[in-house]
Amino acid sequence: MNKNPEMLKFIHMTDCHVAGNDQTVYGERPSTKLRAAIDSINRDHEDADFVVITGDLTHHGDDAAYENFARELRRLVIPSHLLMGNHDDTRTFRFHFPEAQRCDCGFIQGSKRTPYGLCLFLDTSHKGSSAGRYCEERSKWLSGVLGATDGPVMLFMHHPPFKIGIPDTDDSKLEDAEAFWEIVEPHKDRIRHIFVGHAHRVVFGNWRGISVSCMRGLNHQVSLELLRSGSGQHGNFEAPAYGIVLANSDQVMIHMHDFTDRSERFVF
Ligand SMILES: [Fe+2]
């Protein structure tokens, strides 16, 4: 049962890119930003049911980075569900998070039942590639779960199976998106939303009729250079953000929380 029986509330965070030994990534310190995000959740959203982090937990996937990530995460007062991104390393992750859900085929996949939908956490990582892959074994797991259940579903995955209009990101989306669609399509009327990471931008819309969204990363962002190619992609330091999701049987609403904003409040 969720904390508020009338509304499921959870946090969507993504792309923390934590490095080991407090190293910086592109000149910024990701662990400091993760700490600020966790402070913000503990302070303002203790009533949320859980946090989902949709991959790129670390930048280099090394022991020191997962140690650092785990140290920060232990401060979180609500449960978390962790997904793999292309910057993660499954073996090292498993060593540091032995309790993390995994499917029979060994991928970091699992589920969580809520009164307003079954959350399915997918592993789209593909070792050695920045693009995503959803292989036969993982597909079998997903079609098995979808076939054995009914009712609403929310999907969580690092790599978008769709293009967002930023060429470098689109080049590293889920490679086998059409095969993935074949699994999803028979169930598309019950899939309430797909939450993704990887894009390091706030993006929302729909993919073949299913609503989708992505949140900013915590450390760095991909700059808004739409439909340009050949000039190389730039990053930037737009403020980090996480999403606050409010779901019931009628709707799924997502607020982007610019948690480092310190602008003045005023009375209307
Ligand atoms: Fe990332």
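**Figure 1. Strand β7 in the predicted model is largely enclosed by the rest of the structure.** Six of the six residues of this strand, residues 191-196, are buried. Buried here stands for a relative accessible area under 20%. The model shown in this and the following views is predicted.

**Figure 2. Strands β6 and β7 run parallel.** Strand β6 covers residues 153-157 and is joined to β7 by five bridges. One position of this pairing can be located by its side chains: Leu155 stands opposite Ile194 in β7. Ile194 lies in a strand whose six residues are buried.

**Figure 3. Strand β7 is also paired with strand β9.** These two strands run parallel, with three bridges between them. Strand β9 spans residues 210-214. Within this pairing, Phe195 stands opposite Ser213 in β9. Strand β7 is thus shown with two partners, β6 and β9.

**Figure 4. Tyr26 sits in a loop and is exposed.** The loop lies between β1, residues 8-13, and α1, residues 30-44. The relative accessibility of Tyr26 is 57%. The cut-off for an exposed residue is over 50%, so Tyr26 counts as exposed. Which residues does Tyr26 touch, not counting residues up to four places away in sequence? They are His59, His220 and Phe237.

**Figure 5. Tyr26 and Asn219 are separated in sequence by 193 residues.** In space, the C-alpha atoms of Tyr26 and Asn219 are 8.7 Å apart. His220, one of the residues that Tyr26 touches, can be located in this view as well.

**Figure 6. The whole chain, for orientation, has six helices and 13 strands.** Its C-alpha atoms fill a box of roughly 45 × 45 × 40 Å along the principal axes. For 268 residues, a compact globule would have a radius of gyration near 18 Å, and the chain agrees with this because its own value is 18 Å. Buried residues make up 56% of the 268 residues. Of the contacts with a separation of 6 or more, 67% are between residues 24 or more positions apart. The chain exposes about 12,700 Å², and carbon and sulfur atoms supply 48% of this area. The chain has 29 positive and 37 negative charges, and the mean positions of the two sets are 2 Å apart.

Conventions. Residues are numbered from 1 along each chain as its sequence is written. This is a predicted model: local features need pLDDT of at least 70, side-chain atom pairs count only at pLDDT 80 or more; totals for chains, interfaces and linings use all residues. Side-chain values use heavy atoms; hydrogens and water are left out. Helices (H or I, at least four residues) and strands (E, at least two) are DSSP runs, numbered from the N terminus. The radius of gyration is taken over C-alpha atoms; the globule rule is 2.2 Å times the number of residues to the power 0.38. Buried means under 20% relative accessible area, exposed over 50%, partly exposed in between (1.4 Å probe, protein chains only). Contact means heavy atoms within 4.5 Å. Accessible areas come from the Shrake-Rupley method with a 1.4 Å probe; for residues, only the protein chains shown count as cover. Lys and Arg count as positive and Asp and Glu as negative; His and the chain ends are not counted. The place of a charge is taken as NZ of Lys, CZ of Arg, CG of Asp or CD of Glu. Two strands pair if DSSP finds at least two bridges between them.
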